[in-house]
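Me: I am new to reading structures. Please take me through the ligand and the pockets, and show me how each label is earned.

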Amino acid sequence: MRLVLLGPPGSGKGTQATRLKETLGVPHISTGDLLRAEVAAGSPLGLQAKEVMARGELVSDDILLGMLESRLGRDDVAKGFILDGYPRNLAQADALDGLLAKIGQPLDAVVQLDVATDLLVERIAGRAQAEGRADDNPESVRKRLQVYNDSTAPVIGFFENRGTLTRIDGVGTMDEITARILAALKKA
Ligand code: ADP
């Protein structure tokens, strides 16, 4: 199963991907986690990404594509993957298309988690207290939501045109949402 999870910041992509990887038996690839690992390691890439991420802006498409290409080259993706946090703009959607065509592994499904903005802000504020992520401060959250609306939301249309997109109501218990996603994947 090769799956992309789409949705605004705070929509629960990471939470759901963590649950789905057990059920589906495929790795969870989070570009946010990959970047945070680079930042934590203090690598040149991490140093470049750190400030951009803290501001809630997008790290460059080139960096992301290189990182993703190397991650998709690892053995554990043979059975598929759950991609979370990518693509975040139309250029990345095109790049992903090209990359997957090149390795002969087209997507099976794209699931969009829909959550209203008010609830996103509330959820991220809760997570900020629990996890203390550098980009969960109010200013950065506002920026991430704006970047989502401007750059990421158009990606929904990209996959809609392909007929690979399913939209899911992302409000409910974690179990309910996992069940909705699994039901959508059965149909896909
Ligand atoms: P969230 O879904 O809560 O916004 P992520 O962990 O997915 O958090 O991403 C955190 C940050 O990492 C983003 O705000 C951005 O700076 C950077 N990032 C993650 N994925 C991408 C991407 N595909 N393109 C550019 N930047 C990215």
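Reply: Start with one cut-off. A polar contact is a pair of N or O atoms within 3.5 Å. Keep in mind that this model is predicted.

Me: What makes the pair between Lys13 and the ligand a polar contact?

Reply: An N or O atom in the side chain of Lys13 is 3.4 Å from an oxygen atom of the ligand. The cut-off is 3.5 Å, so the pair counts.

Me: How do you know that Arg36 and Arg127 make polar contacts with the ligand?

Reply: Use the same test on each. The side chain of Arg36 has an N or O atom 2.8 Å from a ligand oxygen. For Arg127, a polar side-chain atom lies 3.0 Å from an oxygen of the ligand. Contacts must be within 3.5 Å, so both pass. As for cover, the ligand has 550 Å² of accessible area on its own, and the protein covers 97% of that.

Me: Which residues around the ligand come nearest?

Reply: There are 19 residues around the ligand, and Thr31, Arg36, Glu57, Gly85 and Gln92 come nearest. A residue belongs to this group because one of its heavy atoms lies within 4 Å of the ligand. By class, the shell has seven nonpolar, four polar and eight charged residues. Helix H2, residues 31–41, gives the largest share, four residues.

Me: Where does the ligand sit?

Reply: The ligand takes up the space of the largest pocket. The test is that more than half of its atoms lie within 2 Å of the pocket's grid points. That pocket has a volume of about 1,000 Å³.

Me: What makes a residue part of the lining of the largest pocket?

Reply: A lining residue has an atom within 4 Å of a grid point. In the largest pocket, 43 residues line the space, with Pro9, Gly10, Lys13, Arg127 and Arg133 nearest its centre. Elements giving two or more residues include strand S1 (2–6), helix H1 (13–24) and helix H6 (117–131). H2 gives the most, five residues. The lining divides into 15 nonpolar, 16 polar and 12 charged.

Me: Which residues line the second largest pocket?

Reply: They are Arg36, Val39, Lys50, Met53, Ala54, Arg133, Ala134 and Asp135. Four are nonpolar, none polar and four charged. Helix H3 (44–55) gives the most, with three residues. The volume is about 160 Å³.

Me: Why is the peptide bond from Tyr86 to Pro87 called cis?

Reply: Look at omega. For the bond from Tyr86 to Pro87, omega is near 0°, and the bond is cis. Most peptide bonds are trans. Pro87 lies in the loop between strand S3 (81–84) and helix H5 (90–102).

Notes
Residues are numbered from 1 along each chain as its sequence is written. This is a predicted model: local features need pLDDT of at least 70, side-chain atom pairs count only at pLDDT 80 or more; totals for chains, interfaces and linings use all residues. Side-chain values use heavy atoms; hydrogens and water are left out. A polar contact is a pair of N or O atoms within 3.5 Å; within protein, one must be able to donate a hydrogen and the other to accept it, and residues adjacent in sequence count only if both atoms are side-chain atoms. Accessible areas come from the Shrake-Rupley method with a 1.4 Å probe; for residues, only the protein chains shown count as cover. On a 1 Å grid over the protein atoms alone, a cavity is a set of points where a 1.4 Å probe fits but cannot get out, and a pocket is an open set with protein on both sides within 12 Å along at least five of seven lines; lining residues have an atom within 4 Å of a point. Ala, Val, Leu, Ile, Met, Phe, Trp, Tyr, Cys and Pro count as nonpolar, Asp, Glu, Lys and Arg as charged, and the others, Gly among them, as polar. Grid points are joined across faces, edges and corners, and a volume is the space filled by probe spheres set on the points.
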